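This report goes through a protein model for a reader at the bench, moving from single residues to helix packing and then to a sheet. Please keep the sequence and the structure open beside the text.

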Amino acid sequence: MRDYNLVVIGGGLSGLAAAIRYARFDSSVLVLERHSKPGGLNSFYWRQGLLLETGLHAMTNYASLADRHAPLNLLLRQLKLSRKKMSFHEQKRSLIRFPDKSLSFSNDPEYLLAEIAVKFPHDIDRFRSLISEFRDYPALSTDNRRLSARSYLEDRLTDPFLIDMLLLPLMMYGNSSEHDMDLDLFIILFRSIFLEGLFRPRGTIKDFLDLLLDHYRSLGGEIRFQSEVAEVLTSGNGATGVKLASGEEVYCGNLVSTVGGPATFRLLPAAVNKEMIAGRISFFESIYILPGKSRHKLKDNGNTNIFYSLKDDFVFQRPDQAIDPSWGVINFPGNFQNLPESDNFQVRLTHAANYEVWQGYSREEYREMKVSWAEKSREAVAPLIGNFYDDVVLEDFFTPLTVEKFTAKDRGAVYGSPFKIKDGRTPYDNLYIAGTDQGLIGIVGSMLSGVTMVNKHILLYKAPVL
């Protein structure tokens with residue numbers, strides 16, 4: 001007997017978007033989330049009475065209300081959420097900083113063009129041509145091809161410094177491969193960050209999640225927390241439902257998994273080939289809360305993000321040691337336009353990390369190493385923003401093990417496997433992959449992934465989302 005027409009594994013943003021989209025037409029939908037809160041990578045927790053966000057530095061794909069064809073506005077229409085009732089805060093500006101050069105960008109593409117015209121005048125015309133190519137490039141190929149973004153850029157730009165400076169923020173905010181980047185993904189992120197821009201919704205990520213959950217429930221959809229899926233039940237070429245860790249079986253007509261390719265394939269019967277490579281790119285992040293008045297002691301405190309490399313030869317790869325503080329991103333969550341004054345100011349430092357090294361520590365060593373590597377992180381960024389630690393009133397740290405525990409991402413690989421399943425299909429006719437390992441990145445991208453997979457495979461909705 002069929003319990004639900006659709007079951008969604010994972011209550012992150014992609015899973016919630018998939019469920020909301022389907023619930024608009026049929027309320028027989030259930031979301032299964034193994035934790036006690038929704039959001040997955042983009043969630044929240046409490047420390048000393050303060051709400052701290054996980055994952056969210058900024059949302060990409062900002063668009064004005066008038067731009068009806070922008071991904072953000074397309075997404076909200078697909079979910080039947082009123083843009084007019086929502087409030088967004090755009091970034092102030094962000095900085096890409098290398099030892100001898102820097103570039104600033106904002107949500108106005110002309111600002112970045114002016115920066116490149118001054119600092120890379122020999123490449124400005126080529127860069128303008130690049131933007132024209134990207135505007136006309138298909139939003140997402142579903143043929144699972146893989147082309148090199150670095151080779152593409154090297155064919156069109158002459159300055160390797162400029163290439164690295166363009167790659168750094170896009171890799172930090174969505175790349176699952178070492179050294180290079182899939183061209184489709186690069187162009188998606190280039191448009192969503194450099195041509196559209198960064199923003200955050202009003203309030204906290206909890207407010208945004210509450211909005212989505214309330215809307216989903218108003219459509220008749222159900223969500224169960226602390227409901228871990230242990231196995232996908234199958235018959236012939238189809239998935240018939242799931243078995244929970246509790247032993248309960250839930251049957252369904254269609255199944256969407258948003259827990260990543262490797263984790264999904266492990267839920268399938270033993271006869272299925274489960275060799276899907278997990279990603280190697282994970283991160284160590286420190287969160288620091290300072291009194292609001294202390295923000296003025298920081299250098300470059302007007303930026304929303306500082307993407308930096310302390311070396312000229314920037315290489316995006318998993319480090320050999322626990323973390324690599326020589327490159328990363330410094331995020332100031334309070335630096336968005338028109339945010340109300342706050343008693344607190346937050347600094348977040350993010351660096352590439354090695355999952356296997358962190359896994360090798362004992363519990364006591366693990367606690368000590370978090371503190372030790374956080375100190376190394378602060379020392380690395382002190383020349384960029386100053387020494388702020390004396391004013392810190394609260395701190396917390398995330399490692400790849402934290403990411404794996406709370407998001408089900410194998411090896412803490414935030415952006416999933418380097419090999420995406422762009423059409424969302426699996427060995428079973430009615431089981432589909434959505435989210436990070438389908439190929440769309442970022443909050444808007446992952447939500448669009450959930451919507452697109454439901455439209456394409458379940459609702460058979462003909463009008464394209466992207």
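Contact, as the word is used here, means that heavy atoms lie within 4.5 Å. The model is a predicted one, and every value below was computed from it.

**Two buried residues**

With that cut-off in hand, Leu162 can be placed among its surroundings: leaving out residues up to four places away in sequence, Leu162 touches Leu103, Ile116, Phe120, Asp123 and Leu157. Leu162 belongs to helix α6, which covers residues 160-172, and with a relative accessibility of 0% Leu162 counts as buried. For a sense of span, the C-alpha atoms of Leu162 and Ser294 are 34 Å apart in space, while the two residues are 132 residues apart in sequence.

Val242 sits in strand β11, residues 238-244, and is buried as well, its relative accessible area being 1%. When neighbours within four places in sequence are set aside, the contacts of Val242 are Ile9, Leu32, Val229, Glu231, Val232, Leu233, Glu248, Glu249, Val250 and Leu255. From Val242 to Leu76 the separation is 166 residues in sequence and 30 Å in space, taken from C-alpha to C-alpha.

**Two residues with positive phi**

Most residues other than glycine have a negative phi. Against that background two loop residues may be worth a look in the viewer, and they are set side by side here.

| Residue | Phi | Loop | Relative accessibility |
|---|---|---|---|
| Lys80 | near 60° | between α2 (71-79) and β5 (88-90) | 57%, exposed |
| Arg411 | near 55° | between α12 (400-407) and β18 (431-433) | 24%, partly exposed |

**Two helix crossings**

Two packed helices are described by the angle between their axes and the distance between the axes. How do helices α4 and α7 cross? The axes of α4 (residues 124-136) and α7 (residues 183-196) come within 10 Å and cross at roughly 110°, and α4 and α7 are therefore roughly perpendicular to each other. The crossing in which α4 passes α7 is left-handed. On the α4 side the contact is made by Phe127, Ile131, Phe134 and Arg135, and on the α7 side by Phe186, Ile187, Phe190, Arg191 and Leu195. By class, the residues of this contact between α4 and α7 divide into seven nonpolar and two charged, with no polar residue.

Helix α2 and helix α13 (residues 442-459) offer a second case, their axes coming within 10 Å and crossing at roughly 50°; that angle makes α2 oblique to α13. This crossing of α2 and α13 is left-handed. Pro71, Leu72, Leu75, Gln78 and Leu79 of α2 make the contact with Val444, Met447, Leu448, Val451 and Asn455 of α13. The residues of the contact of α2 with α13 comprise eight nonpolar and two polar, with no charged residue.

**A sheet of seven strands**

Strands of a sheet pair through backbone hydrogen bonds, either parallel or antiparallel. In what order do the seven strands of the open sheet lie? The order is β7-β6-β14-β15-β16-β13-β17, and the pairing is mixed. The edges are formed by β7 (102-105) and β17 (394-398), each of which pairs on one side only. On average, and with direction ignored, neighbouring strands of this sheet are turned by 15° against each other.

Strand β15 (residues 323-331) can be followed on both of its sides. Five bridges join β15 to strand β14 (residues 305-309), and the two run antiparallel; in this pair, Ile306 stands opposite Ile330 in β15. Towards β16 (residues 344-353), β15 is likewise joined by five bridges, and the pair runs antiparallel. Here the bridge partner of Val329 is Thr350 in β16.

Is β15 enclosed or open to the surroundings? Nine of the nine residues of β15 are buried, so β15 is largely enclosed by the rest of the structure. In a regular strand the side chains alternate between the two faces of the sheet, a point to keep in mind when rotating the view around this strand.

Conventions:
Residues are numbered from 1 along each chain as its sequence is written. This is a predicted model: local features need pLDDT of at least 70, side-chain atom pairs count only at pLDDT 80 or more; totals for chains, interfaces and linings use all residues. Side-chain values use heavy atoms; hydrogens and water are left out. Two strands pair if DSSP finds at least two bridges between them. Helices (H or I, at least four residues) and strands (E, at least two) are DSSP runs, numbered from the N terminus. Axes are lines fitted to C-alpha atoms, for helices over the stretch in contact, and angles run from 0 to 180 degrees between N-to-C directions. Angles under 35 degrees count as roughly parallel, over 145 as roughly antiparallel, 65 to 115 as roughly perpendicular and the rest as oblique. A crossing is left-handed if the near helix is turned anticlockwise from the far one by less than a right angle, and right-handed if clockwise. Ala, Val, Leu, Ile, Met, Phe, Trp, Tyr, Cys and Pro count as nonpolar, Asp, Glu, Lys and Arg as charged, and the others, Gly among them, as polar. Buried means under 20% relative accessible area, exposed over 50%, partly exposed in between (1.4 Å probe, protein chains only).
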